[in-house]
Amino acid sequence: HNRLDRNDLYRVRLDGSDDPVRLSQGLSGDYYMYDLDVTADGAWAVIQVDVSNEPDALYSVPVSGGTPQLLNTTAIGNARLHYFRLSADSKYVVYRAEEDTSGVWEIYSARVDGSGSQVKLNGSLAPGGEVKDFDISPNSGRVVYTADQATDEVVELYSVPVGGGAPLKLSAP
């Protein structure tokens, strides 16, 4: 995690021609922003937030200003979010988290604009299995990930549509 240690996030024009706009308006409680990225089209900021005594949260907010929208809405009690990546087309955020089961890392996607709900991308995991790493294809159509999905400790390569669907194993048997 890259802890930003700030309680607020602002947007400001580089030439100073506009007043700062608070993008974290609506976040409450004792929280820290751990990571931040902006979509390629510059329309959305996505922030990873650690709130005391609550699951890690992933929010998006329009860079023009507005209310942050929670993207990972089904997180379990003390769920941890490891990291996220944005699709090149600025439509999706994909993240690795232990969202359904404590101690089991899986990958999920959500629309950056907050429409719809998040989708688990990986297939069912073998006991002890987890998603190790992932990346989004340059055309934003698919997510490629490594996981010991079929057999614990046997890491294989998979591909799945970014919006969800059936994973396809790419590695040889």
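Y145 and Y158 are both buried. In this predicted model, the two tyrosines are a handy way into the fold, and the strands that carry them turn up again further on.

Taken as a whole, the protein has zero helices and 14 strands, so the pattern along the sequence is simply β-β-β-β-β-β-β-β-β-β-β-β-β-β. Of its 173 residues, 41% are buried. The accessible surface amounts to about 8700 Å², and carbon and sulfur atoms own 48% of that area. As for contacts with a separation of 6 or more, 37% of them come from residues 24 or more positions apart.

Next come the aromatic rings. The whole structure yields three aromatic pairs. One of them is the stacked pair of Y83 and F134, with 5.1 Å centre to centre and 5° between the planes. This pair links distant parts of the chain, since Y83 sits in strand β7 (residues 81–86) and F134 in strand β11, 51 residues apart. Both rings are tucked away: Y83 counts as buried because its relative accessible area is 14%, under the 20% cut-off, and F134 is buried too, at 3%. Y145 and Y158 make another stacked pair, this time with 5.2 Å between the centres and 15° between the planes. Because Y145 belongs to strand β12 and Y158 to strand β13 (residues 154–161), their pairing ties together parts 13 residues apart in sequence.

Charged side chains add further links, and a search of the whole structure turns up nine salt bridges. Among them is the one between R85 and D133, whose side chains meet at 3.8 Å, N to O. R85 lies in strand β7 and D133 in strand β11, so this bridge ties together parts 48 residues apart in sequence. Strands β7 and β11 are thus the ones that also carry Y83 and F134. Unlike those buried rings, R85 is partly exposed at 28% relative accessible area, and D133 is likewise partly exposed at 37%. K132 bridges to E130, with 3.2 Å between the closest N and O atoms; K132 itself is partly exposed, at 31% relative accessibility.

A salt bridge also joins E156 and K169, whose side chains meet at 3.0 Å, N to O. This one again links distant parts of the chain, from E156 in strand β13 to K169 in strand β14 (residues 168–169), 13 residues apart. The two partners are covered to unlike degrees: E156 is buried, with a relative accessible area of 10%, whereas K169 is partly exposed at 38%. Elsewhere, R11, R13 and D18 are joined into one network by salt bridges that share partners.

S140 offers a polar example, placed in the loop between β11 (131–136) and β12. Despite its loop position, S140 is buried, with just 4% relative accessible area. Its side chain reaches the backbone nitrogen of A88 at 3.1 Å. Beyond its neighbours within four places in sequence, S140 is in contact with S87, A88, D89 and V162.

Finally, the surface has a nonpolar patch of about 300 Å², made by V144, L157, L168 and L170. V144 is found in strand β12 (residues 142–151), the strand that also holds Y145. While Y145 is buried, V144 counts as partly exposed because its relative accessibility is 31%, which means it clears the 30% required of a patch residue.

Terms used
Residues numbered from 1 in each chain as written. Predicted model: local features only at pLDDT ≥ 70, side-chain atom pairs only at ≥ 80, totals over all residues. Heavy atoms only, no water. Patch = residues over 30% accessible without salt bridge, like charges linked within 9 Å, V, L, I, M, F, W, Y side chains within 5 Å. Areas by Shrake-Rupley, 256 points an atom, 1.4 Å probe, with all protein chains shown as cover. Salt bridge = Lys/Arg side-chain N within 4 Å of Asp/Glu carboxyl O. Helix = DSSP H or I, 4+ residues; strand = E, 2+ residues; numbered from the N terminus. Buried < 20%, exposed > 50% of the residue type's maximum accessible area, 1.4 Å probe, protein only. Contact = heavy atoms within 4.5 Å. Polar contact = N/O pair within 3.5 Å; in protein donor to acceptor, adjacent residues only side chain to side chain. Phe/Tyr/Trp six-rings, centres within 6.5 Å; stacked < 30°, edge-to-face > 60°.
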